[in-house]
Structures are given as structure tokens and as C-alpha cells.
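Q: Could you give me a close look at one bent helix in this model, and then follow the contacts that lead away from it into the rest of the chain? I would like to know how the buried parts are tied together.

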Amino acid sequence: MENTTMLLNVIWTMLAAILVYFMQAGFALVETGFTRAKNAGNICMKNLMDFVLGSLFFFILGFPIMFGSDAAGIIGTSGFFNPYSLADADGLFSGLPIAVFMIFHTVFCATSATIVSGAMAERTKFSSYLIYSAAISVVIYPVTGHWIWGGGWLAEIGFHDFAGSTAVHMVGGICALVGAKIVGPRLGKYGEDGTPTAIPGHNIPLGVLGVFILWFCWFGFNCGSTTAATSTVGSIAMNTNLAAVSSTLVTLLFTWKRYGKPDVSMTLNGSLAGLVAVTAGCDVITPYEAIIIGVIAGFVIVLSIEFIDKKLKIDDPVGAVGVHGCCGLLGTLLTGIFGEGCSFLTQLIGVGSVIAYTGVMAFLIFTLLHKTIGLRVSDQEQIDGLDLHEHGMSAYCGFRMDK
């Protein structure tokens, strides 16, 4: 019976890992659809390489930092270059074979890294982005991940982030905010008086398909975080879905009232906002609390994207900072209000510390890249498109590209 239970847990966790891996396709489609056609190939390559580099560097260094022997609650210190040597760690891997546990967390790491590509789209050097992608998988995500999930100090004080509103999404959102600020806005985004100009994406149906894929895969993201085939999976799925639909509906109605028409791209981001916000506490809240979280996220996503665009003057083509950064923060704090057995003060300490560490490390990484090999492409490369200059091709060969 014990072996059967373990086998079911292995199958369930592997299925969830496969679903989370497929989120890379969802992110690629959302980011491609929300940006211009002349940069579509570049966006797809960045999403591909996020997973490639994230997987490699997380295996070699990131997983040991996240789950190696704890040093003062701050960092893992064992298993480097041979993470399989950690297999005998007592109780660390939820009773799963280490390879199953490792692939599950590998796809989570890649998800955090890929959030940044959309926020820095259409003006970032491909070579610089590759270095950043590797860096987040080694010096940012695994460190804060150790604090939260690897037995570190936040886990010790009772910080609750079940599936990664903070550990995955807010970390990616903070990196996106810092990176987009340092690389600067796209050409033509802001007028001389600072007024933002909309730069529409070239293919909304691609964006819609990407959101549907992400929504579908989120059931693996949240439900799979049980790492066991338990009876709680159904309630986690219901909470995840209720938050998403509530946020979507509120965003639609809010933009309809605010802009005079229901905004398509903002409503799509509203779906993702609800999913991100509920991820931290989906295992410790009731269905109606999930709906409330979704409703709040629906308002926050609109106001946060407007604030980042109009007040902070940070150009985020896909709204990644609002979706993942702001709603990841929101959901983690609301878990402290609604979550059974959770403390708001503890949640506040957790997000504050993660914001501080992630912000400083992202600033150092992007500043170093900016000062050395450069972070931003030339104006002419932006005008012609990154597909042509970075990859020597067009994603839509034979079609006219709008400048």
C-alpha cells in the first residue's frame, strides 16, 4: 500500500511538472501577441532560452542553493554540481524520489525567469538577456526559494506561500520592474512631455491562446504543489479557478466603465492577475475568500499597470510587473488576512525581505550588464526589429511589418 501511495504521488507530481513546463508556451504566446510582429521571433527565443539556461544552471547550482544543507536559514551549502547527492536528506523531498522533486522545482524556476522577457521586450540585447536568465536561476530565485521552501528562515517563522505568489511570481515581477527601468522605454513610448503612447500588440488571438494555456497549466502549478495525490486537490483547483474568473469579470467591468469599452488585453491580464494572487493561499482559504481575492486583484491589475506606465514611466509592454509583481505581493498579503493559521505580520515580513533582496540583486545584475556588454539595442535595431538584427530572419516571412 505504501509503494502504491508513493507511485501515485510520483505520477501526480510528474503530471503537474509537465503542465508547469507547458506554461512556457503560454508565456511565449502572450508576450508575442502583446508585442510587435518584427520582434516575434526574438520573444520566442528568449522564452525558449529561459527554460534551457534555467534548467541547466538550476541543476548545477540553483537546486543545491535552494535545497542543500541549510546555513543560518539563508542559503543551501551542499550538493553543488551533484544535486543527486542530496537524495538522503531527511524529509526534504516530500517522500518523492529526488529527480521527481527536482524536475518539479526546475519548471518553477524557469517560470520565474521567463516573466522578465515580456517586460523588457523589443529593446533588450539577446546576449545580455541570456546572461540575466542564467543569473536569476543561480543568485536570485534559489536564495529566496530557500528562505521559503528550502527550510530557511521564512519557513521557520511560518511564512505561507503555498505555490509561489512570492517565491515565483513576485520575484519575477521585481526583476522585471528593475530590468525595464534600467533598459529604458521603447522608442516612441513617451512624448517629450512624458505622456505615454500606446504601442499595440500585433496579434491579440495569440495572446488569448496564451492566457488559456496558462490558465489550464495553472491547475498543475497550484494543485501540483501538494506534491501528493491528496483529497485537497479539488478544493485547491476550485479556489484557483474562482479567483481567476472573479478577477477576469471585475477587470472587464472596470475597464468598460473606465475606458468606455471593455479592454481586451487588460481583461486577459485580469485573468492572470487572479491566478497569481490566489497562488499563495489557495490551500488555506475558502471558495468565497478566493472570490474576494480575485475581485481585489481585478481592480489592482488595472490601477497598477496604469501607475507603472503613467506615473513611474516604466515601459512594460505586456504588463508583467502588474500581473506578477503587484498581484503576487497582493495575494501573499491577503493570505495573511484570509488564510487559516496565517499571520499578516509574518506575510509582510516575508514579502518585504524578498522585495529587498530581489531588488538589490536584480539592480546589480542589470547594472553590470548595462555598464559592460550593454543591455539595450540601438535605435536603428529597434526601428527595424530585433528579429532582423539579432537573428537574421523574420517570424512572418513575406508579410509586411509595421514599424
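**A bent helix and the contacts around it**

A: In this predicted model, helix α4 bends by about 45 degrees at I136. The helix is mostly covered, since 20 of its 24 residues are buried, and just after α4 the residue G151 takes a positive phi of about 85 degrees.

A good place to start within α4 is Y141, which counts as buried because its relative accessibility is 0%. By the ring-centre rule the structure holds 16 aromatic pairs. One of them joins F58 and Y141 in a tilted arrangement, with 6.2 Å from centre to centre and 55 degrees between the planes. This pair links distant parts of the chain, for F58 belongs to helix α2 (residues 40-67) and Y141 to helix α4 (residues 126-149), 83 residues apart. F58 is likewise buried, because its relative accessibility is 0%. The contact does not stand alone, as ring pairs link F58, F63, F67, F101 and Y141 into a cluster.

Charged side chains offer a second set of links, and a search of the whole structure finds five salt bridges. In one of them the side chains of D315 and R186 meet at 2.7 Å, N to O. D315 lies in the loop between α10 (287-311) and α11, whereas R186 lies in the loop between α6 (165-183) and α7 (204-223), so this pair ties together parts that are 129 residues apart in sequence. D315 counts as buried because its relative accessible area is 1%, and R186 is buried too, with a relative accessible area of 4%. These two residues also belong to a wider arrangement, in which R36, E122, R186 and D315 are linked in a network of salt bridges.

The loop between α6 and α7 takes part in another such contact, in which the side chains of K189 and D309 meet at 3.2 Å, N to O. Here K189 comes from the loop between α6 and α7 and D309 from helix α10, 120 residues apart, and both K189 and D309 are buried. Helix α10 also supplies E306, which forms a salt bridge with R258, the closest N and O atoms being 2.8 Å apart. Because R258 lies in helix α8 (residues 233-259) and E306 in helix α10, the pair ties together parts that are 48 residues apart in sequence. The two partners differ in their cover: R258 counts as partly exposed at 42% relative accessibility, while E306 counts as buried at 11%.

Helix α11 (residues 320-338) makes a useful comparison with α4. It bends by about 30 degrees at C327, and 15 of its 19 residues are buried, so α11 is largely enclosed by the rest of the structure. At 1.5 Å a residue its 19 residues should span 27 Å, and the end C-alpha atoms are 25 Å apart, which agrees.

Helix α12 (residues 344-371) gives the most to a nonpolar patch, with four residues. The patch lies on the surface and is formed by I157, I337, F344, L345, L348 and I349, with about 540 Å² of accessible area together. L348 has its place in α12 and counts as partly exposed, because its relative accessibility is 41%. T358 is found in α12 as well, yet this residue counts as buried, because its relative accessibility is 0%. T358 lies 9.4 Å from V178, C-alpha to C-alpha, although 180 residues separate them in sequence.

Definitions and conventions. Residues numbered from 1 in each chain as written. Predicted model: local features only at pLDDT ≥ 70, side-chain atom pairs only at ≥ 80, totals over all residues. Heavy atoms only, no water. Patch = residues over 30% accessible without salt bridge, like charges linked within 9 Å, V, L, I, M, F, W, Y side chains within 5 Å. Areas by Shrake-Rupley, 256 points an atom, 1.4 Å probe, with all protein chains shown as cover. Salt bridge = Lys/Arg side-chain N within 4 Å of Asp/Glu carboxyl O. Helix = DSSP H or I, 4+ residues; strand = E, 2+ residues; numbered from the N terminus. Buried < 20%, exposed > 50% of the residue type's maximum accessible area, 1.4 Å probe, protein only. Expected span 1.5 Å × (residues − 1). Bend = angle between axes of the 7 residues up to and from the residue. Phe/Tyr/Trp six-rings, centres within 6.5 Å; stacked < 30°, edge-to-face > 60°.
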